Amino acid sequence: MKSIRISSDIIPLGEFKTGISACLKKVRSTGHPLIITQNGRPAGVLLSPEEYDSLVYRKQFIESIERGMMAAEVGDVYSTEEVRAKLAEKRATGKQ
């Protein structure tokens with residue numbers, strides 16, 4: 001994610017409401033998130049769809065690695081031969 005530019009990437013809610021179309025275009029063209037404030041405090045963040053997808057993918061990837069690390073710590077692992085056998089069994093039965 002691109003870093004936030006304090007001078008242009010933070011706007012009050014009222015300004016956001018009146019210029020939502022321009023805000024959407026700006027987020028798309030710059031790739032920068034837009035921080036929306038209410039009563040001087042952060043209230044929301046507007047991201048491009050691509051940036052949102054990227055963040056979700058990264059989160060899922062990290063969670064997957066953490067699950068794998070926890071499984072390895074408790075010894076819930078398979079040898080290469082065991083994995084091959086399970087895959088061959090799934091292919092033979094057509095189960096996913």
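## Exercises on a predicted model

**Exercise 1. Start with Tyr-57: is it buried or exposed? Then classify the aromatic pair found in the structure.**

Tyr-57 has a relative accessible area of 55%. The cut-off for exposed is over 50%, so Tyr-57 is exposed. The model is a predicted one.

Next, the pair. A search of the whole structure returns 1 aromatic pair. Its rings belong to Tyr-57 and Phe-61, with centres 6.2 Å apart. Pairing requires centres within 6.5 Å. The ring planes meet at 20°. Planes under 30 degrees apart count as stacked, so Tyr-57 and Phe-61 form a stacked pair.

Now place the two residues. Both lie in helix 3 (residues 49-73), 4 residues apart. That spacing is about one helical turn. Phe-61 has a relative accessible area of 45% and is partly exposed.

**Exercise 2. Describe the sheet: what is its strand order, and which strands are at the edges?**

The sheet is open and has 3 strands. Their order is 1-2-3, and the pairing is mixed. Strand 1 (10-12) and strand 3 are the edge strands, each pairing on one side only. From one strand to the next, the twist averages 35°.

Take strand 2 and strand 3. They pair in the antiparallel sense, over 5 bridges. Within this part of the sheet, Gln-38 stands opposite Arg-41 of strand 3.

Add the helix. Helix 2 (residues 20-30) packs on the sheet and touches strand 1, strand 2 and strand 3. The direction of helix 2 makes about 65° with that of strand 3.

**Exercise 3. Locate Asn-39 and describe its backbone: what is its phi?**

Asn-39 sits in the loop between strand 2 (34-38) and strand 3 (41-46). Its phi is near 55°. This is a positive value in a residue other than glycine. Asn-39 has a relative accessible area of 77%, so it is exposed.

**Exercise 4. Which residues make up the largest nonpolar core, and which elements give two or more residues to it?**

The core has 7 residues: Ile-11, Phe-16, Cys-23, Val-27, Leu-34, Ile-36 and Leu-46. Helix 2 and strand 2 are the elements that give two or more residues to this core.

Follow Ile-11 through its contacts. Leaving out residues up to four places away in sequence, Ile-11 touches Phe-16, Cys-23, Leu-34, Ile-35, Ile-36 and Thr-37.

As background, nonpolar side chains tend to be buried together in soluble globular proteins.

How values were computed: Residues numbered from 1 in each chain as written. Predicted model: local features only at pLDDT ≥ 70, side-chain atom pairs only at ≥ 80, totals over all residues. Heavy atoms only, no water. Buried < 20%, exposed > 50% of the residue type's maximum accessible area, 1.4 Å probe, protein only. Phe/Tyr/Trp six-rings, centres within 6.5 Å; stacked < 30°, edge-to-face > 60°. Pairing = 2+ DSSP bridges. Axes fitted to C-alpha atoms, helices over the stretch in contact; angles between N-to-C directions. Contact = heavy atoms within 4.5 Å. Core = buried A, V, L, I, M, F, W, Y, C linked by side-chain atoms within 4.5 Å.
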